[in-house]
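Subject: Structure handover

Hello,

I am passing this structure on to you. Please open it first, then read the notes below.

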Amino acid sequence: MATTTELQHTVGKGAGFSGTSLHTGEKVSLKIQPAPINHGVKFKRRDLPDEPTIDARIDNLKTVERATTIGEGSVRVHTVEHVLSALSAMGVDNATIEMDANEPPIGDGSAQPYVDLIKRAGVVPQDAPRRFFSVREPMHVEAKSGALLIVLPDEKFRISCTQAGPNNRFTQYLSTEITPAIYEREIASARTFVYYEEVEPLMEKNLIKGGSLENAIVVRGEAVLSKEPLRFPDEFVRHKILDIIGDLALFGARLCGHVIAVKPGHAANSDLARALAREHARATALAVPRVFPAGEGGLDVNQVMEILPHRFPFLMVDRVIGFEADTKITAVKSVSINEPYFQGHFPGHPVMPGVLQVEAMAQVASILLMRLARTSHRVGYFMSADSVKFRKPVFPGDTIFVHAEITKTRGVKLAKAKCHCVVNDAVVSEGELMFTFLDQ
Ligand SMILES: [Zn+2]
């Protein structure tokens, strides 16, 4: 999929604006700042001692009543969905959002002020690939409110949304792919809407001091009240899509999938974000990562496992001692009596199977090849093993030094490596392995 080669982006420079916060009605200034790769989006409360930051991640979700609130410890940021929606849809992966209050400015109730801000700051690429999560199996969440969200596999990020008000009034439907251009044109300027009967008690309790017809559309019976006319005949469903994008931004990667949403709300949206985060964590634990650790030194077992998908009992590399130039690697495998194969190979006479030494060579060589390709998002397939010789038996307690050297490459598709395993300064096995690479 072409999208996996996309780069992460941040903003080109800091940019800010001021406005009113919805819940307290007080003035708030917000400034968006560039951030390094893999930083994600963080909110910074500049009005508090030590200026604490809060990661915009689903683990930090606190409440979903009418708006999405995140927090860490006792620090909160309310109503994060519109700014997160704009950042995500406009392609900003990494940013710090500085604020001097606990809520971003509500603006006109849409994400347009944030799109304008992002465009003012500029969006610039960074030197690391974007994290994507492609949904492989359909997923769904349901809420008591009647909300239903389904995600189907899709190469793109698409949302098909049905919005329905009380008694199915204002039922609207829209299906669209989400790209920066489409978002800016079709989604960003759709404003928040509220049903009068739902906000009346809040107004009485003085809970939405900053709310007005300037930053929300109020629906009362069949009447639609707002300061300016509707921006789209189906503005409501467009705003629902805006909120879905903002809430799903909390899951931690870019989604390749088709979200089908019926009567969505923040509770169901964030349930889906949580389910996606769980699936994404599960998938990345199984998959080969996209970034190779930098530097010429060795790799510990955790770094090895970031590169190789193999796990106990099939991981045949404990540690990489080092690389030489771009073509040689030395790694270590300690052979323990606890290896499961010794039980049957052979009872009373444990010997390491030769094919597993070949497997160790293949794993070590593929670490080198992925390093050479500066990517691990291709899968190396072991094609052939020539001139394999097993010279000495390997016993429990032995430490195998696995050496591999790339002797031939043809384009980016084929590579040949000469390998040997050494125990106590003697070659115990050797072979020439051939690999082919396929894009994952
Ligand atoms: Zn909203």
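Contact here means heavy atoms within 4.5 Å. Keep in mind that this is a predicted model.

**Zinc site**

Start with the zinc ion. His-82 (NE2), His-239 (NE2) and two OD atoms of Asp-243 coordinate it, at 2.1 to 2.6 Å. The four donor atoms subtend angles of 54 to 150°. Four donors count as tetrahedral if all angles lie between 85 and 135 degrees. The range of 54 to 150° therefore makes this arrangement irregular.

The donor residues follow the spacing H-x156-H-x3-D in sequence. His-82 sits in helix H1 (residues 81–89), and His-239 in helix H5 (residues 235–248). The pair therefore ties together parts that are 157 residues apart in sequence. Both histidines are buried: His-82 has a relative accessible area of 6%, and His-239 has 2%.

**Nonpolar cores**

The largest nonpolar core has 64 residues. Phe-43 is one of the six members that touch the most others; Ile-159 and Tyr-183 are also among them. Leaving aside neighbours within four places in sequence, Phe-43 is in contact with residues including Pro-52, Ile-70, Val-77, Leu-84 and Met-99. Another core, of 40 residues, lies apart from the largest one. Its members include Leu-356 and Val-428.

**Arg-45**

Look next at strand S4 (residues 41–45), where Arg-45 is found. Is Arg-45 buried or exposed? Arg-45 is buried, because its relative accessible area is 8%. Its side chain reaches the backbone oxygen of Ala-101 at 3.2 Å. Not counting residues up to four places away in sequence, Arg-45 also touches Glu-51, Arg-76 and Asn-102, among others.

Best wishes

Conventions. Residues numbered from 1 in each chain as written. Predicted model: local features only at pLDDT ≥ 70, side-chain atom pairs only at ≥ 80, totals over all residues. Heavy atoms only, no water. Helix = DSSP H or I, 4+ residues; strand = E, 2+ residues; numbered from the N terminus. Buried < 20%, exposed > 50% of the residue type's maximum accessible area, 1.4 Å probe, protein only. Polar contact = N/O pair within 3.5 Å; in protein donor to acceptor, adjacent residues only side chain to side chain. Core = buried A, V, L, I, M, F, W, Y, C linked by side-chain atoms within 4.5 Å. Donors = N, O, S within 2.8 Å, 3.2 Å for Na, K, Ca; no water. Tetrahedral: all angles 85-135°; square planar, octahedral: opposite > 155°, others 65-115°.
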